[in-house]
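Please open the structure in your viewer and follow the stops below in order.

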Amino acid sequence: MKIALDGKIALVTGGSTGIGRGIAESLAASGASVAIGYLSDRAPADATLAAIAAAGGRAIALKGDVADEAAVRAMFEQLDALLGPIDILVNCAGIDGRAALSWEAEPAAWKNVVAVNLFGSFHCAHQALARMTARRRGVVLNITSVHETIAWSGYSAYTASKAAVSMLTKTLAQESAPFGVRVLALAPGAIQTAINQAVWSDPAALPDLLQKIPLGRMGQVKEIADLVTVLVSDVGSYVTGTTVFADGGMTDYPDFAHGG
Ligand code: BGC
């Protein structure tokens with residue numbers, strides 16, 4: 001079995017940091033030409049481009065807010081012009097928002113989480129699928145979360161948006177399948193990145209998190225990134241309309257290891 005993405009053109013939103021950066025590096029290492037989408041901070045995007053180039057890969061950076069439909073349209077026009085027609089879209093741009101009980105949350109902040117995670121995924125899929133269905137090839141992979149199925153107090157916008165992306169995935173997959181285009185989701189568990197640094201860097205908080213993970217450890221970016229590469233490659237050719245969980249067992253109800 002060989003994972004070969006040579007000649008493939010990929011866009012990874014949120015591709016300059018965290019899981020997105022790992023995905024961009026993994027796709028490029030497998031031969032894809034990669035565009036990394038970033039919101040505004042150029043330095044991490046440049047660092048990711050440099051890492052990809054140093055490893056012998058090819059990548060460009062595209063600036064744009066996925067929550068903004070016009071900006072996404074412009075990003076795809078740039079992608080067409082600079083690399084060519086898209087084969088692989090990974091919707092990874094996402095935010096969890098500030099923790100707040102729902103009745104205390106600031107509605108504008110709540111809506112912003114949904115705007116980035118759900119509308120952002122839709123805007124990019126909207127552009128990508130128009131191109132992919134016309135060419136009868138392509139894959140869209142949405143990064144959701146274990147919180148597409150596990151409730152999380154303080155994060156109602158995040159959980160609602162991830163559950164919505166899960167169902168968006170299924171419906172887009174149904175629409176796209178007759179055109180030979182796959183749409184799927186990958187749900188990471190607790191992967192050690194900046195988004196959850198407050199937990200893994202706090203010796204008082206970490207044991208509580210680890211207790212929620214049957215494998216007893218946080219995941220690493222590479223464990224998600226390489227799995228994404230497999231799923232969007234031809235090795236994943238029969239996977240569509242579903243979410244693949246990579247969570248160390250977090251969704252396996254670890255509390256039921258005893259009692260019940
Ligand atoms: C969140 C992380 C969290 C993980 C498990 C992810 O979706 O972004 O902050 O550690 O879920 O709860």
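This tour of a predicted model begins with the sheet, continues to two helices and ends at the ligand.

**The sheet.** Begin by colouring the strands. Seven of them form an open sheet with parallel pairing, in the order β3-β2-β1-β4-β5-β6-β7. Next, select residues 58–63 and 243–246: these are the edge strands β3 and β7, each of which pairs on one side only. From one strand to the next, the twist averages 20 degrees.

**A strand pair.** Select β1 (residues 9–12) together with β4 (residues 88–91); the two pair in the parallel sense over three bridges. Within this pair, Val12 stands opposite Val90 in β4.

**Two helices.** Now add helix α1, residues 18–29, which lies across β1, β2, β3, β4, β5 and β6. Helix α1 runs at about 170 degrees to β1. Then select residues 221–232, helix α8, which packs on the sheet and touches β4, β5, β6 and β7. The direction of α8 makes about 165 degrees with that of β6.

**The ligand.** Finally, select the ligand and show the residues around it: Ser145, His147, Trp152, Tyr158, Gly189, Ala190, Ile195, Asn196 and Met250. By class, this shell holds five nonpolar, four polar and no charged residues.

Which side chains place an N or O atom 2.7 Å from an oxygen atom of the ligand? Ser145 does so, and His147 does so as well. For Asn196, a polar side-chain atom lies 3.2 Å from a ligand oxygen atom. Taken alone, the ligand exposes 310 Å², of which the protein buries 90%.

Technical notes:
Residues numbered from 1 in each chain as written. Predicted model: local features only at pLDDT ≥ 70, side-chain atom pairs only at ≥ 80, totals over all residues. Heavy atoms only, no water. Near = heavy atom within 4 Å. Polar contact = N/O pair within 3.5 Å; in protein donor to acceptor, adjacent residues only side chain to side chain. Areas by Shrake-Rupley, 256 points an atom, 1.4 Å probe, with all protein chains shown as cover. Nonpolar A, V, L, I, M, F, W, Y, C, P; charged D, E, K, R; others polar. Pairing = 2+ DSSP bridges. Helix = DSSP H or I, 4+ residues; strand = E, 2+ residues; numbered from the N terminus. Axes fitted to C-alpha atoms, helices over the stretch in contact; angles between N-to-C directions. Contact = heavy atoms within 4.5 Å.
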